[in-house]
Amino acid sequence: MEEQKGISRSPRELLEYNLLPLVCHLLMLTLALLFLWSNVTAFIQKSPTRIPEVQIPKDPVLECGQALRFEINCAFSVLQDIASGRDLKKFLSVCFLVICLSGRA
């Protein structure tokens, strides 16, 4: 039996809208409204809205970059060990995984 359209569907499924596009579209709409408001204020002699200046501190960004660099280097080291055959168990497990996945294609 087929379900009727619209019954037992979540609001997200009805809108068929994901979170990231929704956030991006809302930000674009906000930016457009602020742009229009700043231009309209000249015609209605009202002071334009003050948008606060946002600055990201340097230290947390550098720490995050260093942590990410460390993790990527560890992953490259593991991949190098697998490719060179130093870690036989991981090498065989990757070979088995590739063989299994290529059989499905």
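**Helical organisation and surface of a predicted model**

Cys95 is partly exposed, its relative accessible area being 29%. The model described here is predicted. A second cysteine, Cys64, reaches 53% relative accessibility and therefore counts as exposed, the threshold for that class being over 50%. No disulfides are present in the structure.

The protein chain contains four helices and zero strands. Read from the N terminus, its elements follow the order α-α-α-α. Of the 105 residues in the protein chain, 2% are buried. The accessible surface of the protein chain amounts to about 10300 Å², and carbon and sulfur atoms account for 67% of this area.

Helix 2 comprises residues 19–40. An unreviewed UniProt entry annotates residues 20–40 as a "transmembrane region". Across residues 20–40, the chain in the model is 100% helix and 0% strand. The C-alpha atoms at the two ends of this segment lie 30 Å apart.

A nonpolar patch of about 990 Å² is found on the surface. Its members are Tyr17, Leu19, Leu22, Val23, Leu26, Leu27, Leu29, Leu33, Phe35 and Leu36. One of these residues, Leu27, is located in helix 2. With a relative accessible area of 58%, Leu27 is classed as exposed, because this value falls in the range over 50%.

Conventions:
Residues numbered from 1 in each chain as written. Predicted model: local features only at pLDDT ≥ 70, side-chain atom pairs only at ≥ 80, totals over all residues. Heavy atoms only, no water. UniProt positions renumbered as here; feature names shortened; annotations may be inferred. Patch = residues over 30% accessible without salt bridge, like charges linked within 9 Å, V, L, I, M, F, W, Y side chains within 5 Å. Areas by Shrake-Rupley, 256 points an atom, 1.4 Å probe, with all protein chains shown as cover. Salt bridge = Lys/Arg side-chain N within 4 Å of Asp/Glu carboxyl O. Buried < 20%, exposed > 50% of the residue type's maximum accessible area, 1.4 Å probe, protein only. Disulfide = S-S within 2.5 Å.
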